[in-house]
Amino acid sequence: MSKQSVFYQELQAILERPGCPICHVGRKTARGRLDALLYDSVNDPETRERLAGVMGFCSAHSRELLSFQGERLGATIIEQAVLKEAMRRLQAPAPPGSAGMRGWLRPGSRQGDAPPLGAAGPCPVCADQADIEQRSLRSLMEHLVGDLEKPLEQAGGLCWPHLELALATHRDAGARAALVAVHSRVWQQLIDEMGEFIRKRDYRFSHETISEVETRAVERAIAALTGEYPAL
């Protein structure tokens, strides 16, 4: 992949921020998709129909709709369309040979008789986000050794889910070794900072000042283990 690719250029810029760069790329993509939808597609009947077909967005992205200032109307239009579809599915006539809703509600009914309420596909924003994250991760690994290695370490490395994905999907031994080395250094420092916070909370060492870095180490550890949480 060329160093002029949009993924490489995006990584260069985003590695200036602390935290998992792949999470940041994914979150930026997801927010951009939602912003575009609210700005110019919310009144498009086909768009609403497609969203209703997959039962809208996941929990996180549905709530993120409400974080766009002045866009509560758009979010309401979308969620009303999805809820109407949920109502339609709930009240739809039972297919031939099935017990139907009334039969399913009777005591002793089998779970297999339940009406089909599920979505026809994944959250569309999650799907876009996962695709961009995978492409960005591939670009990161291709340019890691001798290029993005140091910026990645300064940013704090990847989160555990994206690190696991990188090691599972990228086969270059040199890049894999560099990735392991980066995270061994970053995480050992984080472990040491949390250790200092724990030690200084002991009454025997309570006279020692706890630094801001040591105080916030637990937050960085949570982000390292679970991913960067979107700021809504």
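This short presentation describes the helices, some individual residues and the cysteines of one protein structure.

Good morning. Please keep in mind throughout that the structure is a predicted model.

I shall begin with the overall fold. The protein has twelve helices and zero strands. Reading along the sequence, one therefore meets the pattern α-α-α-α-α-α-α-α-α-α-α-α. The protein has 232 residues, and 35% of them are buried.

Let us turn to how helices are arranged. Two packed helices are described by the angle between their axes and by the distance between those axes. Consider helix H1, residues 6–14, and helix H2, residues 21–40: their axes come within 10 Å and cross at roughly 110°. H1 and H2 are therefore roughly perpendicular to each other. Their crossing is right-handed.

Which residue of helix H1 deserves a look here? I have chosen Leu11, which lies in that helix. Leu11 is buried, since its relative accessible area is 0%. The C-alpha atoms of Leu11 and Pro21 are separated by 6.9 Å, and the two residues are ten residues apart along the chain.

A second crossing involves H7 and helix H9, the latter being residues 160–169. At what angle do the axes of H7 and H9 cross? The angle is roughly 65°, and the axes come within 10 Å. H7 and H9 are therefore roughly perpendicular to each other, because angles from 65 to 115 degrees are given that description. The crossing of H7 and H9 is right-handed.

Helix H7 covers residues 124–142, and Arg135 has its place there. Is Arg135 buried, partly exposed or exposed? With a relative accessible area of 36%, Arg135 is partly exposed, because that term covers values between 20% and 50%. Arg135 also gives an example of residues that are distant in sequence: Arg135 and Tyr8 are 127 residues apart along the chain, while their C-alpha atoms are 9.7 Å apart in space.

Next, a residue in a loop. Met55 lies between helix H3, residues 45–53, and helix H4, residues 59–64. Its phi angle is near 60°, a positive value in a residue other than glycine. Met55 counts as partly exposed, at 22% relative accessibility.

I now come to aromatic rings. How many aromatic pairs does a search of the whole structure find? It finds one. There are also arginines placed over rings. Arg31 lies over the face of Phe68, at 4.0 Å from the ring centre. Likewise, the charged end of Arg199 sits over the ring of Phe205, 4.9 Å from its centre.

Finally, the cysteines. How many disulfides are counted in this model? The count comes to zero. For Cys20, the nearest cysteine sulfur is that of Cys159, 3.7 Å away, and Cys20 is in no disulfide. This follows because a disulfide requires two cysteine sulfur atoms within 2.5 Å. Cys20 is buried, with a relative accessible area of 1%.

Cys126 is likewise in no disulfide; its nearest cysteine sulfur, that of Cys58, is 3.5 Å away. At 30% relative accessibility, Cys126 counts as partly exposed.

To close, I would recall the following points. The protein has twelve helices and zero strands. H1 and H2 are roughly perpendicular to each other, and so are H7 and H9. The count of disulfides is zero. Thank you for your attention.

Methods
Residues are numbered from 1 along each chain as its sequence is written. This is a predicted model: local features need pLDDT of at least 70, side-chain atom pairs count only at pLDDT 80 or more; totals for chains, interfaces and linings use all residues. Side-chain values use heavy atoms; hydrogens and water are left out. Rings of Phe, Tyr and Trp (its six-membered ring) pair if their centres lie within 6.5 Å; planes under 30 degrees apart count as stacked, over 60 as edge-to-face and the rest as tilted. A charge sits over a ring if NZ of Lys or CZ of Arg is within 6 Å of the ring centre and within 35 degrees of the ring normal. Buried means under 20% relative accessible area, exposed over 50%, partly exposed in between (1.4 Å probe, protein chains only). Axes are lines fitted to C-alpha atoms, for helices over the stretch in contact, and angles run from 0 to 180 degrees between N-to-C directions. Helices (H or I, at least four residues) and strands (E, at least two) are DSSP runs, numbered from the N terminus. Angles under 35 degrees count as roughly parallel, over 145 as roughly antiparallel, 65 to 115 as roughly perpendicular and the rest as oblique. A crossing is left-handed if the near helix is turned anticlockwise from the far one by less than a right angle, and right-handed if clockwise.
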